[in-house]
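Below are some comments on this model, set out as numbered points. They deal with the sheet, the helices packed on it, and the cores.

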Amino acid sequence: ELRVHIEGHCPTDALTRAQFFFGKLNMHETRDGTGVLLYVSPGSQKTAIFAGPGIHKAAGDALWKAAVNEVAHGFKAHDGIGGIESAILMVGEAMRRCAIGDDTAGNELPNEVTIS
């Protein structure tokens, strides 16, 4: 359950905004706490990931930092979309590794990019 939220300008630190949108977008409403929000603010050049308790610790801080770095590297190379795609692939692979078993809950959250 990975979603991307894009905000033109980040008025505070990125992790605080990621946590805010995680709640606002009801990302916590997954059965096993496996929601992950990739927050990107191109105008402020800030990125963060906020993950539910069912996936955060299992994946580990190194993964979240690496995914955020992928977005930053993409923007630095003038390929923001490529950086976001790379981060999504990294997080998706980690989710498959850490949330082992059949996905009996199905698709619990919309697969849309949100923008504010």
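Which residue in E3 is the bridge partner of Val36?

1. The bridge partner of Val36 in E3 is Ala51, and please keep in mind throughout that this is a predicted model. The pair belongs to the antiparallel ladder that joins E2 to E3 through 6 bridges. Helix H3, residues 61-76, lies across both E2 and E3 and runs at about 155° to E3, while helix H4, residues 80-98, packs on the sheet with contacts to E1, E2 and E3, its direction making about 165° with that of E2.

2. The sheet as a whole is open and has 4 strands in the order E3-E2-E1-E4, with mixed pairing. Its edge strands are E3 (46-51) and E4, each of which pairs on one side only. Averaged over the sheet and with direction ignored, neighbouring strands are turned by 20° against each other.

3. On the parallel side of the pairing, strand E1 (residues 2-6) and strand E2 (residues 36-41) are linked over 5 bridges, and within this ladder His5 has Tyr39 of E2 as its bridge partner. To get from E1 to E2 the chain passes through helix H1, residues 14-24, in a β-α-β crossover that is right-handed. E1 also pairs in the parallel sense with strand E4 (residues 113-115), here over 3 bridges, and in this second ladder Val4 stands opposite Val113.

4. How do the buried residues of H1 lie around its axis? The residues concerned are Ala14, Arg17, Ala18, Phe21 and Phe22, which are buried in H1. Viewed down the helix axis they fall within an arc of 140°, so they line one face of H1. The elements covering these buried residues include E1, E2 and E3. After the helix comes Asn26, which has a positive phi, near 55°.

5. The largest nonpolar core has 17 residues, and those that touch the most other members are Val36, Leu38, Ile49, Ile55, Trp64, Val71 and Val91. At least two residues of this core come from each of E2, E3, helix H2 (53-59), H3 and H4, with H4 giving the most, namely 5 residues. Trp64 may be taken as one example: apart from neighbours within four places in sequence, Trp64 is in contact with Val36, Ile49, Ala51, Ile55, His56, Ala59 and Val91. Both residues of the Val36 and Ala51 bridge pair are thus found among the contacts of Trp64.

6. A second core, separate from the one just described, has 11 residues, among them Phe21, Met27, Leu37 and Leu109. Leu37 is found in strand E2, and the residue counts as buried because its relative accessibility is 0%, where the cut-off for buried is under 20%. Setting aside neighbours within four places in sequence, Leu37 is in contact with Arg3, Val4, His5, Ala18, Phe21, Phe22, Leu25, Met27, Ala48, Ile49 and Phe50. Among these contacts of Leu37 are Ala18, Phe21 and Phe22, which also appear in the list of buried H1 residues.

7. One distance may help in orienting the view around Leu37: its C-alpha atom is 8.8 Å from that of Gly52, and the two residues are 15 residues apart in sequence.

Definitions and conventions:
Residues are numbered from 1 along each chain as its sequence is written. This is a predicted model: local features need pLDDT of at least 70, side-chain atom pairs count only at pLDDT 80 or more; totals for chains, interfaces and linings use all residues. Side-chain values use heavy atoms; hydrogens and water are left out. Two strands pair if DSSP finds at least two bridges between them. A crossover is right-handed if, with the strands pointing away from the viewer, the path from the first strand over the helix to the second runs clockwise. Axes are lines fitted to C-alpha atoms, for helices over the stretch in contact, and angles run from 0 to 180 degrees between N-to-C directions. Contact means heavy atoms within 4.5 Å. Buried means under 20% relative accessible area, exposed over 50%, partly exposed in between (1.4 Å probe, protein chains only). The arc is that of the directions from the helix axis to the C-beta atoms. A nonpolar core is a set of buried Ala, Val, Leu, Ile, Met, Phe, Trp, Tyr and Cys residues joined through side-chain atoms within 4.5 Å.
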